[in-house]
Amino acid sequence: MPVSTAPTAAATAPADFAALRGADPQMAEVLLAEQDRQASSLQLIAAENFTSPAVLAALGSPLANKYAEGYPGARHHGGCELVDVAERIAIDRAKALFGAEHANVQPHSGSSAVLAAYAALLRPGDTVLAMGLPYGGHLTHGSPANFSGRWFDFVGYGVDPESGLIDYDQVRVLARSHRPKAIVCGSIAYPRHIDYAAFRDIADDVGAYLIADAAHPIGLVAGGAAPSPVPYADVVCATTHKVLRGPRGGLILCGSELASRIDRAVFPFTQGGAQMHTIAAKAVAFGEAETPAFTAYAHQVVTNARILAQALAAAGCAITTGGTDTHLILADTTPLGLDAHTARGRLAACGLVLDTCALPHADGRGLRLGTAAVTTQGMGDAEMVRIAGLFADAVGEQSKEANDSKVREEVRELVGRFPPYTD
Ligand SMILES: *Cc1c(COP(=O)(O)O)cnc(C)c1O
């Protein structure tokens, strides 16, 4: 049963949009074209979603004008009485939603949240154990191109070459031999639930902090469709814009004893003034995530991902770990005789928008897909089977221009029945 969670009001308040069109027609045209692109193609990027009109309204509000360095009741600027109320609401809702003792809602992004967590718990040069980048670790988990790889000594764990699952025995062996100051669990591509209790046990074994980077699954956690890292991790880092369906931004959850260290690590250590319009929009999203409709949404996201994974396997893709527990699917297109880059190009030409991603224990890359956005649009079981069919048609043998435009039309017809925003 598809769960219709599609927002019902106009994406852009007409009056505001008229003002933009009058003041800057060139940029108005870009915004309209992007709105049309999002509505007329299939958004299968695992990290993306459609926020509600209420979230967009908060983002486009005059709170964007306010400077508010510091925290509610302790700001470095005047006139913060009302934005203090907004931030307190956001904090209280985040704490209630995730059952956390403390929440910091100021990180500008998921990466900023991770930076602050490291700043709170580590010193430059400390050893950190995290999922290796070839297995699904994020840039902030030790990439040499990122501050994390430059300032800390990262050791990477991997996944079992046969099952694709995290090898907890290997994690323990690496923890015992490298004695990390912190262990990071979380990934950009791992499609299965993480065993947070096992990570807690390993961290305790070696006296390490446990940091859960739950940027991807935190929305599923909010909807009760994935296990929560909050009872196990010292610090939970997250984004608010992936399955959680809020504005672009970060979030940190922790226990009371680390609260002031985390707050100081966000401001003033790694950030300046908080973005109050974004914080208000986070509060709106947390409020939406508390509803039964969001619980139903989160479960439908997973149901949809399982059906889509199965249908893609039937179409000839090799699915990492054989399926998914989450919104994420990692697919190898090698059995179709295509590398991921070529497949992504053919899919894009037909209006199926998705990413390539490192494949564990493989030379080439794979495709990473997610069902958060299409589920927000109200798509369900039947549409997932249809999407897999369109996928197969797009990457199929007869990939000629005529075929592409036929598939492109079919994609338009499908998404036309599930507009992300209606007016
Ligand atoms: C998305 C993601 C991030 C970073 O979020 P940004 O908002 O893009 O900075 C960090 N860690 C993980 C595991 C992620 O999936």
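**Exercises on a predicted model**

**Exercise 1.** Determine whether Gly137 is buried or exposed, and describe its surroundings.

*Solution.* Gly137 has 26 other C-beta atoms within 10 Å and is therefore buried, the threshold for that class being 20 or more. The structure is a predicted model. In the chain, Gly137 lies in the loop that connects β5 (127-131) with α6 (147-151). Setting aside residues up to four places away in sequence, Gly137 touches Ala130, Met131, Gly132, Gly142, Gly156 and Ser187.

**Exercise 2.** Classify Leu139 by its C-beta neighbours and state where it is found.

*Solution.* Leu139 also belongs to the loop between β5 and α6. Its count is 16 C-beta neighbours inside 10 Å, so Leu139 is partly exposed. With residues up to four places away in sequence excluded, Leu139 touches Ala145 and Asn146.

**Exercise 3.** Establish which residues carry the UniProt feature "binding site", and why they do not all gather at one spot.

*Solution.* An unreviewed UniProt entry assigns this feature to Leu133, Gly137, His138, Leu139 and Glu257. These positions span 125 residues in sequence, and the two C-alpha atoms farthest from each other are 31.1 Å apart; therefore the residues do not all gather at one spot.

**Exercise 4.** Trace the strand pairing and packing around Ile183.

*Solution.* Begin with strand β7 (residues 182-185), which is covered on both faces. Ala182 and Val184 are buried on one side, Ile183 and Cys185 on the other. Next, consider the pairing: β7 runs parallel to β5, joined by two bridges, and parallel to β8 (residues 209-213), joined by four bridges. Ile183 stands opposite Leu129 and also opposite Leu210 in β8. Both partners recur among the contacts of Ile183 beyond four places in sequence, which are Leu129, Ala175, Phe199, Ile202, Ala203, Ala208 and Leu210. Finally, place Ile183 in the core: the largest nonpolar core has 132 residues, and Ile183 is among those touching the most other members, together with Ala94, Ala117, Cys237 and Ile252. Domain 1 (62-289) and domain 2 (292-416) each supply at least three residues to this core.

**Exercise 5.** Check the length of helix α15 (residues 381-395) and identify what covers its buried residues.

*Solution.* For 15 residues at 1.5 Å a residue, the expected span is 21 Å; the end C-alpha atoms lie 22 Å apart, which agrees. The buried residues of α15 are Glu383, Met384, Ile387, Ala388, Leu390, Phe391, Asp393, Ala394 and Val395. Elements covering them include β1 (42-43), α12 (292-314), α13 (340-349), β13 (352-353), α14 (372-376) and α16 (401-416).

Terms used
Residues numbered from 1 in each chain as written. Predicted model: local features only at pLDDT ≥ 70, side-chain atom pairs only at ≥ 80, totals over all residues. Core = buried A, V, L, I, M, F, W, Y, C linked by C-beta atoms within 7 Å. Buried ≥ 20, exposed ≤ 12 C-beta atoms within 10 Å, placed from the backbone. Domains from an automatic or database assignment. Contact = placed C-beta atoms within 7 Å. Expected span 1.5 Å × (residues − 1). UniProt positions renumbered as here; feature names shortened; annotations may be inferred. Pairing = 2+ DSSP bridges.
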